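Work through these exercises with the structure open beside you. Each one sets a task and then solves it in steps.

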Amino acid sequence: MKIMGIIFRRELASYFATPLAYVFMVIFLVMSGIFTFDLGAFYQRGQADLVPFFNFHPWLYLFMIPAIAMSLWADERKTGTIELLMTLPVKLSDAVLGKFLAAWVLTGVALLLTFPIWITVNYLGNPDNGVIIAGYLGSWLMAGGFLAIGSCMSALTRNPVIAFILTVAICFVFVASGSEIVLNAFTWAPQVLVDAIASLSFLTHFDSISKGVLDVRDILFFVIFIGSWLLASAIVIEIKKAN
Amino acid sequence: MIEISHLTKKFDNFTAVDNLSFSVAEGEVLGFLGPNGAGKSTTMKVITGFLAPTAGSVKVDGHDISIDPIAVKSLIGYLPEGAPSYADMTVLQFLDFIADIRGFSGQEKRRRIDKVVAEVELESVVHKTIDTLSKGFKRRVGLAQAIIHDPKVLILDEPTDGLDPNQKHHVRQLIRNLAKDKIVVISTHILEEVSAVCTRAIIIAAGRIVADGTPKALEARSRYHGAVSLRLASDFDLQAALAGAAEVGSIEQNAEDPRRFVIFPQPGNQVFSKVLDLSQAGQWPVAEFHLVEGLLEDYFRSVTQATAAKAGVSEAPVGQQAGVTA
């Protein structure tokens with residue numbers, strides 16, 4: 001636990017030691033602004049909520065999160081520091097969790113920095129702030145899901161670009177599997193299968209959380225999802241660390 | 001105490017380390033020699049717990065690396081090949097991180113960092129990011145992180161690679177100072193380094209031990225051991241002059257300098273005094289006259305190439321340079 005904290009702090013500090021953290025946050029804020037006000041027609045809707053803001057998060061994350069996650073392990077492999085880290089008295093689980101949490105906190109900070117939009121909507125009207133808080137929580141959980149996939153993909157290769165592309169592809173599957181287009185393509189299939197596909201999607205779980213419905217099952221979905229992908233990361237690192 | 005028994009490491013179909021067994025005791029500085037790809041680094045990676053052995057076991061101070069890796073890793077200080085470190089950190093941040101992981105805090109951490117910074121002479125760069133350092137400094141940062149916890153076992157993979165002669169000398173001195181009550185294992189290509197710092201040398205080729213002994217003992221196994229190197233001032237029929245001497249085994253003429261010769265003794269004989277007497281009696285035109293002590297390099301080549309040939313790896317023999325003075 002202590003070791004995990006040390007690794008977490010080092011990773012987080014290294015995000016801020018390079019321009020990475022700042023570039024990520026600025027682009028994230030600009031993009032979420034554009035999505036909300038332009039594509040989401042925030043003003044034209046005339047409703048005091050952040051639905052247009054949260055609706056675009058899955059698609060924003062699809063490209064932003066893999067960019068952070070791609071270097072989690074691929075860089076360690078590329079520079080050889082994985083050999084240093086794995087020969088220190090550090091448990092693999094501490095390293096995997098510490099790195100993941102650092103990246104997750106970075107996305108959390110970026111998310112918190114969108115607070116002006118929350119101020120705006122409170123200034124303009126009387127939104128249900130409980131729903132907005134739930135939306136933020138759901139969005140952060142979803143970011144964790146993306147990151148966990150990215151952690152595993154990053155462990156697979158020493159090339160960050162390949163890790164990026166793989167992560168985008170797999171994340172896309174988990175986002176799109178809940179969309180109308182994909183589900184409509186399965187109209188021939190039994191309802192159980194359609195439900196199963198939909199239930200694996202980020203969209204399904206994120207939508208219900210961001211509407212203010214804090215169902216334990218949705219939260220549990222993300223927690224288990226993150227846990228499984230991190231476990232897969234650890235297994236991949238253990239198997240592949242030599243090459 | 002490091003005990004390695006029947007250690008084998010395979011990558012797919014390639015056997016990097018093949019049934020290796022040896023042990024190293026406190027106070028020993030073991031030089032690990034071998035051609036590239038012989039399995040030196042792989043063996044070190046298994047000892048330090050980075051790679052899991054395919055078969056066999058590694059025990060450090062009684063702890064088996066496969067059963068209790070954290071205990072073993074706490075005892076070991078390791079400089080991996082190429083001295084990797086987190087490039088975006090400053091030297092101080094990096095050493096602070098390593099000290100944290102090694103479980104130091106407060107005053108003790110401060111003291112240890114100051115001590116290693118002084119020991120490997122990093123004072124001038126402590127606030128620079130590792131990224132911007134020269135190869136020599138990076139190597140020293142790697143050394144500093146390996147010794148910060150005063151480990152019982154120090155494993156250094158090519159510690160002087162990329163250093164200039166002064167830095168090499170300094171690192172060797174550091175290793176000698178550290179070695180007192182520790183186990184030090186270093187791998188190197190530089191054979192003079194083995195003679196300079198090691199109390200024992202193991203030569204491996206194709207994943208197997210081909211020689212194990214003190215550097216002096218290995219040198220003595222070289223065919224140059226006890227030979228006489230000789231340079232003549234003018235043309236002279238050396239073959240004829242030595243024809244009667246039973247101790248003399250063979251005479252080798254240097255290809256580049258035809259007046260330079262190496263006179264090898266018959267196995268088990270001394271040739272120095274005999275040749276000296278003959279040269280004085282016969283009034284040879286001698287310009288230089290040396291006793292060759294034996295060359296580790298020569299022995300290294302003879303044992304590693306024999307193994308390479310057996311393994312079917314054909315490698316052009318490096319031209320034997322005769323007349324090398326010892």
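Two residues are in contact if their C-beta atoms, placed from the backbone, lie within 7 Å. The model is predicted.

**Exercise 1. Describe how helix 2 and helix 5 of chain A pack, and name the residues that meet.**

Step 1. Find the helices. Helix 2 of chain A covers residues 20–39, and helix 5 of chain A covers residues 57–69.

Step 2. Take distance and angle. Two packed helices are described by the angle between their axes and the distance between the axes. Here the axes come within 11 Å and cross at roughly 175 degrees.

Step 3. Classify the angle. Angles over 145 degrees count as roughly antiparallel. Helix 2 of chain A is therefore roughly antiparallel to helix 5 of chain A.

Step 4. List the contacts. Helix 2 of chain A brings A:Phe24, A:Phe28, A:Met31, A:Ser32 and A:Phe35. From helix 5 of chain A come A:Leu60, A:Met64, A:Ala67 and A:Ile68.

Step 5. Sort them by class. Eight are nonpolar, one is polar and none is charged.

**Exercise 2. Work out which elements of chain B give two or more residues to the side that touches chain A.**

Step 1. Count both sides. Chain B has 20 residues in contact with 18 residues of chain A.

Step 2. Assign elements. Helix 2 (69–75) and helix 3 (91–101) of chain B each give two or more residues to that side.

Step 3. Sort by class. The side of chain B that touches chain A holds twelve nonpolar, five polar and three charged residues.

**Exercise 3. Give the strand order of the six-stranded open sheet in chain B, then place a helix on the sheet.**

Step 1. Read the order. The strands run 6-7-8-3-9-10, with mixed pairing.

Step 2. Find the edges. Strand 6 (76–79) and strand 10 (208–213) of chain B each pair on one side only.

Step 3. Note the twist. From one strand to the next, it averages 15 degrees.

Step 4. Add the helix. Helix 1 (residues 40–47) of chain B packs on the sheet. Helix 1 touches strand 3, strand 7 (153–157), strand 8 (183–187) and strand 9 of chain B. Its direction makes about 150 degrees with that of strand 7 of chain B.

Step 5. Check one pairing. Strand 3 (residues 29–33) and strand 9 (residues 200–205) of chain B run parallel, joined by four bridges. In this pair, B:Gly31 stands opposite B:Ala201.

**Exercise 4. Decide how far helix 5 of chain B is enclosed by the rest of the structure.**

Step 1. Check its length. Helix 5 of chain B (residues 135–147) has 13 residues. From first C-alpha to last it reaches 19 Å, close to the expected 18 Å.

Step 2. Count burial. A residue is buried if 20 or more other C-beta atoms lie within 10 Å of its own. Eleven of the 13 residues pass, so helix 5 of chain B is largely enclosed.

Step 3. Look at who is buried. The buried residues include B:Lys138, B:Arg139 and B:Arg140, along with B:Phe137 and B:Leu143.

Step 4. Find their partners. The buried residues pack against strand 6, helix 3, helix 4 (106–119), strand 7 and helix 6 (165–178) of chain B.

**Exercise 5. Place B:Leu242 and find its contacts.**

Step 1. Locate it. B:Leu242 is in the loop between helix 9 (238–241) and strand 12 of chain B.

Step 2. Test burial. B:Leu242 has 20 other C-beta atoms within 10 Å and is buried.

Step 3. List contacts beyond four places in sequence. These are B:Val248, B:Ile251 and B:Leu278. B:Leu278 is 36 residues away in sequence, yet 7.8 Å away in space, C-alpha to C-alpha.

Step 4. Follow the chain on. Strand 12 (residues 248–253) and strand 13 (residues 260–265) of chain B run antiparallel, with five bridges. A hairpin of six residues joins strand 12 to strand 13 of chain B. B:Ser250 stands opposite B:Phe264.

**Exercise 6. Compare two loop residues of chain B with positive phi: is each one buried or partly exposed?**

Step 1. Take B:Asp61. Its phi is near 55 degrees. B:Asp61 sits between strand 4 (55–60) and strand 5 (63–64) of chain B. With 16 other C-beta atoms within 10 Å, B:Asp61 is partly exposed.

Step 2. Take B:Ala83. Its phi is about 45 degrees. B:Ala83 lies between strand 6 and helix 3 of chain B. With 25 other C-beta atoms within 10 Å, B:Ala83 is buried.

How values were computed
Residues are numbered from 1 along each chain as its sequence is written. Chains are lettered from A and ligands numbered from 1 in the order in which they are written. This is a predicted model: local features need pLDDT of at least 70, side-chain atom pairs count only at pLDDT 80 or more; totals for chains, interfaces and linings use all residues. Two strands pair if DSSP finds at least two bridges between them. Axes are lines fitted to C-alpha atoms, for helices over the stretch in contact, and angles run from 0 to 180 degrees between N-to-C directions. Ala, Val, Leu, Ile, Met, Phe, Trp, Tyr, Cys and Pro count as nonpolar, Asp, Glu, Lys and Arg as charged, and the others, Gly among them, as polar. Angles under 35 degrees count as roughly parallel, over 145 as roughly antiparallel, 65 to 115 as roughly perpendicular and the rest as oblique. The expected span of a helix is 1.5 Å times one less than its number of residues. A residue is buried if 20 or more other C-beta atoms lie within 10 Å of its own, exposed if 12 or fewer, and partly exposed in between; C-beta atoms are placed from the backbone.
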